[in-house]
Amino acid sequence: MSDVKAELDQLMHSFLGAYTNTGGSRPNVDAVREVFIPQGVVIRTVGGEPVIYNLDACVEPREKVLADGTLTDFSEWEVAERTEIFGSIVHRFSDYRKSGFLDGEWFEGSGRKTTQWLQYTLVMRRGAAGGWPGRPPVAGDCPAALCNYRTS
């Protein structure tokens, strides 16, 4: 499991870092498409009924707010995780934190994400995700998902 976990640690770092724009850096939103399967789904579980998005429907609005100055100095990072392997499926349960300026006001948040990854010969390949927010949604939030990706 240590090889699988080490690769998953790197994939999660890439996934969570995809929207980082701290210090004026440009976010690498293409990383989301690189770590998800093309059919990946993101499910938003904040508030009422879950909302299901494809990858483009998740990425495009976040990319816009990161580029137009609405969301600046933003980053999110994993603070704790539990990884479980079931055959060729690997589940990752992550606690995360995030911070940045939204419409010029500083915010900090936290939540949980759950991701599923496909394993091929002990090498991790592309995943899907899900998460639970630690606060109400704000403009520019990307939806969440299971076998997909959940976030707040």
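Which residue's side chain meets that of Glu84 in a salt bridge? In this predicted model, the partner is Arg82, and the N to O distance between the two side chains is 2.8 Å. Glu84 is partly exposed, its relative accessible area being 26%, and Arg82 likewise counts as partly exposed, at 45% relative accessibility. This pair belongs to a structure that holds 13 salt bridges, of which two further examples are described below.

A salt bridge is also formed between Asp56 and Arg33, whose closest N and O atoms are 2.9 Å apart. Because Asp56 lies in helix H3 whereas Arg33 lies in helix H2, the pair ties together parts that are 23 residues apart in sequence. Asp56 counts as partly exposed, with a relative accessibility of 35%, and Arg33 is partly exposed as well, with a relative accessible area of 28%.

Arg92, which is placed in strand E4, a stretch covering residues 89–102, forms a salt bridge with Glu78, and the closest N and O atoms of this pair are 2.8 Å apart. The pair links distant parts of the chain, since Arg92 is in strand E4 and Glu78 is in strand E3, 14 residues apart. The side chains of Arg92 and Glu78 are also joined by a polar contact of 2.8 Å. With a relative accessible area of 0%, Arg92 is buried, because the limit for a buried residue is under 20%; Glu78, at 25% relative accessibility, counts as partly exposed.

The bridge between Arg92 and Glu78 is accompanied by further charged residues, as Lys5, Asp9, Glu78, Glu81 and Arg92 are linked in a network of salt bridges. When neighbours within four places in sequence are left aside, Arg92 is in contact with a set of residues that includes Lys5, Asp9, Glu78 and Glu81. Among the other contacts of Arg92 are Leu8 and Met12, together with Arg82 and Thr83. The contacts of Arg92 also include Lys113, Thr114, Thr115 and Trp117.

Trp117 appears again in the nonpolar interior of the model, where the largest nonpolar core contains 25 residues, and Phe15, Tyr19, Val32, Leu71 and Trp117 are those that touch the most other members. The elements giving two or more residues to this core are the helices H1 (2–17), H2 (30–35) and H3 (55–67), together with strand E3 (71–86) and strands E4 and E5. Among the contributors, H1 provides the largest share of the core, with 6 residues.

Strand E5, which spans residues 105–120, contains Gly109. Gly109 is buried, with a relative accessible area of 5%, a value that falls on the buried side because the cut-off is under 20%. Apart from residues up to four places away in sequence, Gly109 touches Tyr96, Arg97 and Lys98. For one of these residues, Lys98, a separation of 5.2 Å is found between its C-alpha atom and that of Gly109, although the two residues are 11 residues apart along the chain.

Notes: Residues numbered from 1 in each chain as written. Predicted model: local features only at pLDDT ≥ 70, side-chain atom pairs only at ≥ 80, totals over all residues. Heavy atoms only, no water. Helix = DSSP H or I, 4+ residues; strand = E, 2+ residues; numbered from the N terminus. Buried < 20%, exposed > 50% of the residue type's maximum accessible area, 1.4 Å probe, protein only. Contact = heavy atoms within 4.5 Å. Polar contact = N/O pair within 3.5 Å; in protein donor to acceptor, adjacent residues only side chain to side chain. Core = buried A, V, L, I, M, F, W, Y, C linked by side-chain atoms within 4.5 Å. Salt bridge = Lys/Arg side-chain N within 4 Å of Asp/Glu carboxyl O.
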